[in-house]
Amino acid sequence: MLDQLTPENMPLSKFPPVLDAKWRFFWAIGERPKEVADDIPKVIPDEFPDWEEKMNKWGNMMVEACFTAAEMAAVGLGLEKDTFTSRMQGGPHLLAPTGSDLQKYDIGTSFAGFHYDLNFLTIHGKARYPGLYIWLRNMTKIAVKIPNGCLLLQAGAMFEHITGGHILCGFHEVIYTDAVKAAVEKVKEENLNGGNRILWRVSSTLFSHLRYNVDLSPLEEMNGLINVDDSR
């Protein structure tokens with residue numbers, strides 16, 4: 001696939017992949033089925049007494065947004081409104097705030113190498129700094145610019161599988177680019193003049209999933225809809 005891309009659409013990530021230069025915290029959101037052991041440790045940082053309350057509040061809001069988008073997708077595909085949300089109930093949804101130290105790294109560093117997500121829907125708000133790139137359905141690469149107050153959603157592998165490829169999972173990467181460097185220098189200058197902005201790229205990603213016992217085989221209802229010219 002990559003050898004078919006034009007130079008301007010090639011990932012900036014290194015191949016073979018290197019370890020991502022980021023920190024990530026996983027926090028389980030929502031109830032899991034009783035028969036499924038939840039082995040994700042519930043770690044609460046000592047210096048954040050309201051950590052659990054805030055994480056649950058934001059995480060549940062993000063999950064609700066994913067459910068709303070899933071309902072909209074179902075209606076748009078001509079399916080029953082709860083086709084996807086009924087399968088998301090009890091899923092292992094994870095709030096995953098992610099940070100990268102912009103003072104430790106420089107241009108060319110991969111904060112998230114070229115990849116797609118394995119879950120159903122990924123959602124996050126606007127990060128503190130640029131660097132996120134996504135590939136459209138025709139594999140054209142674009143830099144993401146999320147307006148204030150908006151959220152970005154991308155389909156994951158679960159969505160692609162259960163729709164038989166009608167919905168494609170989204171490729172993306174996060175790179176320390178010239179634009180990131182320019183933003184860092186601007187913030188440093190502001191901080192010298194009394195500002196107090198942090199020099200970490202932080203995003204509040206949430207991975208929504210389908211429940212553990214959901215069959216990911218393409219839905220029979222999709223048979224009449226699948227007409228995808230997929231060069232991937």
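Two strands are taken to pair if DSSP finds at least two bridges between them. With that in mind, and remembering that what is open in the viewer is a predicted model, begin with strand 4 and strand 9, which run antiparallel and are joined by three bridges.

**The sheet**

Select strand 4, strand 9, strand 6 and strand 7 together, and an open sheet appears in which the four strands follow the order 4-9-6-7 with antiparallel pairing. Strand 4 and strand 7 stand at its edges, each with a single partner strand, so one side of each is left without a neighbour in the sheet. From one strand to the next, the twist averages 25°.

Stay with strand 4 for a moment and colour its residues by accessibility: five of the six are buried, so this strand is largely enclosed by the rest of the structure. At His-115, look across to strand 9, where His-172 stands opposite.

Next, move to strand 6, which pairs with strand 9 in the antiparallel sense over three bridges, and with strand 7 (residues 141-143) likewise in the antiparallel sense over three bridges. Tyr-133 is a convenient residue to centre on, since its bridge partner in strand 9 is Glu-173, while in strand 7 Ala-143 stands opposite Tyr-133. Show the side chains of strand 6 and both of its faces prove to be covered, with Leu-132 and Ile-134 on one side, Tyr-133 and Trp-135 on the other, and all four residues buried.

Following the chain from strand 6 into strand 7 leads through a hairpin with five residues between the two strands, and in this turn Met-139 has a positive phi of about 65°. Before leaving, display Lys-141 together with Tyr-133, for Lys-141 lies over the face of that ring, at 5.1 Å from the ring centre. A second contact of this kind can be found by selecting Arg-197, whose charged end sits over the ring of Tyr-129, 6.0 Å from its centre.

**The aromatic rings**

Now show the rings of Phe, Tyr and Trp, which are counted as pairs if their centres lie within 6.5 Å. By this rule the count comes to 11 aromatic pairs. One of them is formed by Phe-114 and Trp-135, an edge-to-face pair with 4.8 Å from centre to centre and 75° between the planes. Phe-114 belongs to strand 4 (residues 110-115) and Trp-135 to strand 6 (residues 132-135), so the pair ties together parts that are 21 residues apart in sequence. Both Phe-114 and Trp-135 are buried.

Go on to Tyr-116 and Phe-171, which also form an edge-to-face pair, 5.3 Å centre to centre with 85° between the planes. Here the link is between distant parts of the chain, 55 residues apart, with Tyr-116 in the loop between strand 4 and strand 5 (121-124), and Phe-171 in the loop between helix 3 (157-162) and strand 9 (172-175). Tyr-116 counts as partly exposed, at 37% relative accessibility, whereas Phe-171 is buried, with a relative accessible area of 9%. To see how these rings are joined, select Phe-15, Phe-114, Tyr-116, Trp-135 and Phe-171, which ring pairs link into a cluster.

**The nonpolar cores**

In soluble globular proteins, nonpolar side chains tend to be buried together. The largest nonpolar core here has 27 residues, and those that touch the most other members are Leu-79, Phe-84, Met-88, Phe-120, Ile-162, Leu-206 and Leu-210. Helix 1 (51-76), strand 5 and helix 3 each supply at least two residues of this core, and helix 1 gives the most, with eight residues.

Centre the view on Leu-206 and display its surroundings: leaving aside neighbours within four places in sequence, Leu-206 is in contact with ten residues' worth of surroundings that include Ile-29, Gly-59, Met-62, Val-63, Cys-66, Leu-94 and Leu-121. Apart from the largest core lies another, of 16 residues, among them Leu-132, Ile-134, Ile-146 and Val-187.

**A last stop**

Finally, select Lys-34, whose place is in the loop between strand 2 (27-28) and helix 1. At 85% relative accessibility, Lys-34 counts as exposed. From there, draw a line to Ile-146: the two residues are 112 residues apart in sequence and, C-alpha to C-alpha, 38 Å apart in space.

Conventions:
Residues numbered from 1 in each chain as written. Predicted model: local features only at pLDDT ≥ 70, side-chain atom pairs only at ≥ 80, totals over all residues. Heavy atoms only, no water. Phe/Tyr/Trp six-rings, centres within 6.5 Å; stacked < 30°, edge-to-face > 60°. Buried < 20%, exposed > 50% of the residue type's maximum accessible area, 1.4 Å probe, protein only. Lys NZ or Arg CZ within 6 Å of the ring centre and 35° of its normal. Core = buried A, V, L, I, M, F, W, Y, C linked by side-chain atoms within 4.5 Å. Contact = heavy atoms within 4.5 Å. Axes fitted to C-alpha atoms, helices over the stretch in contact; angles between N-to-C directions.
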